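Me: I am new to reading protein structures and would like a close look at one part of this one. Please pick a helix, tell me about its surroundings, and then walk me through a few other spots in the chain.

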Amino acid sequence: MSVYHAGSRAVQDQAGVRDRADHVGRSLGQDIKPVAAAFLEQQPLLVVGAADPGTGRVWASALTGRPGFVRATGPRRISVHSSGERLAGPPEEARGAGRPATTHAPPDDGPAYAGTIALDPRTRRRMRLNGRLHPTARGFTIEADQVFSNCPKYIQRRESYETVPDRTPGTPRRLTALGAEQADFVRAADTFFLATVHGAGADASHRGGNPGFVQVASPHELTWPDYSGNAMFLSLGNLRADPRAGLLFLDWETGSTLQLTGEARTEFAADGTRTVRFTLTEAVWTPDALPLRWSAPEYSPANPDIAR
């Protein structure tokens, strides 16, 4: 049985990479290998993406903690201890147990799906795990449906980080349009995270490039180029099946975050290049949201030059 749903297949066929996708798709499994488990336990940051069961809107949220706050607790399960840790999420979803919007109890008519990505700028490695989420007394667990790693392409290297314990998060602000400060924040970004969903799952992925690779077309619209990747088209395939999307931008020095929720679609040009166009429904802007301060980036050699 294929690891891909119809949305991913449609994009693979349009891009002419079905055979390559079939080859790469063999790397998707359900088991968390020992090297992946060891990688997870070293991370101070986890990005979680899924649909809020109350509103249906898709969000990407950042969760931080001391290394070990996320770990493999079974051959196909990770546990996240979020109590007392720092969450960047929409205000009301961040109250209570400190869980992101995606970790509330699932609705009665089915499971809650979540996608996660752990990215380590120090080593330019990343691991993605998608599955079914279950709240716990100290956070949540995810039973894995897909576990895989990606190549280091487009990841900016940051040599080190420190925790700033006295950093106080600012008051989150809900927005329906990007102001000048948020637009500049997006234009300066070299990294963001993209949350997408489909009928039986969710996914969180990384997008990287030189500053300026994300364009602010208007206060309600962003665009970015879809650079050549692993040919699986999990994110774009999800968008083909369901246009809802969540974006997370973060400042790696100050910890400020900008979360966007809305819809996205992929535009194919005659030369085969792809552009993703995102339309904003709502945003949450949180100054100093995360306690991590990373060193300056060394941009990935894979990043295409940005036409100014």
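Reply: Happy to! Let's start with helix H5, where Leu234, Ser235, Leu236, Gly237, Asn238 and Leu239 are buried. Please keep in mind that you are looking at a predicted model. Helix H5 covers residues 234–241, and because 6 of its 8 residues are buried, H5 is largely enclosed by the rest of the structure.

One partner in that enclosure is worth meeting. In general, two packed helices are described by the angle between their axes and the distance between the axes. Helix H1, which runs over residues 6–15, packs with H5 at an angle of about 115°, and their axes are 7 Å apart. That makes H1 roughly perpendicular to H5. The crossing of the two helices is right-handed. On the H1 side, Gly7, Ser8, Ala10, Val11 and Gln14 make the contact, while H5 brings Leu234, Leu236, Gly237 and Arg240. Sorted by character, the residues of this contact are 4 nonpolar, 4 polar and 1 charged.

You may like to see what the turn of a helix has to do with such a list. An α-helix has 3.6 residues a turn, so residues three or four places apart point the same way.

Now zoom in on one residue of that contact, serine 8. Serine 8 lies in helix H1, and its relative accessibility is 1%, so it counts as buried. Leaving aside residues up to four places away in sequence, serine 8 touches Met232, Phe233, Leu234 and Gly237. Two of those names, Leu234 and Gly237, you have already met among the buried residues of H5.

How does this corner fit into the whole? The protein chain has 5 helices and 18 strands. Buried residues account for 52% of its 308 residues. Of the contacts between residues at least 6 apart in sequence, 69% join residues at least 24 apart.

Let's step away from the helices to another buried spot, phenylalanine 69. Phenylalanine 69 sits in the loop between strand E2 (58–64) and strand E3 (70–74). Its relative accessibility of 4% means that phenylalanine 69 counts as buried. Its contacts, not counting residues up to four places away in sequence, are Gln43, Pro44, Leu45, Leu46, Leu63, Thr64, Ser79, Val80 and His81. The C-alpha atoms of phenylalanine 69 and serine 82 are 7.2 Å apart, with their positions 13 residues apart in sequence.

Proline 225 offers another view. Proline 225 belongs to strand E14 (residues 221–225) and is partly exposed, with a relative accessible area of 27%. Its C-alpha atom lies 6.0 Å from that of arginine 274, although the two are 49 residues apart along the chain. Beyond residues up to four places away in sequence, proline 225 touches Phe213, Arg274 and Thr275.

Finally, here are two places where the backbone deserves a second look. Most residues other than glycine have a negative phi. Arginine 124, however, has a positive phi of about 55° without being a glycine; this residue lies in the loop between strand E6 (112–120) and strand E7 (125–136). Aspartate 288 is not a glycine either, and has a positive phi of about 55°. Its place is in the loop between strand E17 (274–286) and strand E18 (292–294), and aspartate 288 is partly exposed, with a relative accessible area of 29%.

Conventions: Residues numbered from 1 in each chain as written. Predicted model: local features only at pLDDT ≥ 70, side-chain atom pairs only at ≥ 80, totals over all residues. Heavy atoms only, no water. Helix = DSSP H or I, 4+ residues; strand = E, 2+ residues; numbered from the N terminus. Buried < 20%, exposed > 50% of the residue type's maximum accessible area, 1.4 Å probe, protein only. Contact = heavy atoms within 4.5 Å. Axes fitted to C-alpha atoms, helices over the stretch in contact; angles between N-to-C directions. Parallel < 35°, antiparallel > 145°, perpendicular 65-115°, else oblique. Left-handed = near helix turned anticlockwise from the far one by under 90°. Nonpolar A, V, L, I, M, F, W, Y, C, P; charged D, E, K, R; others polar.
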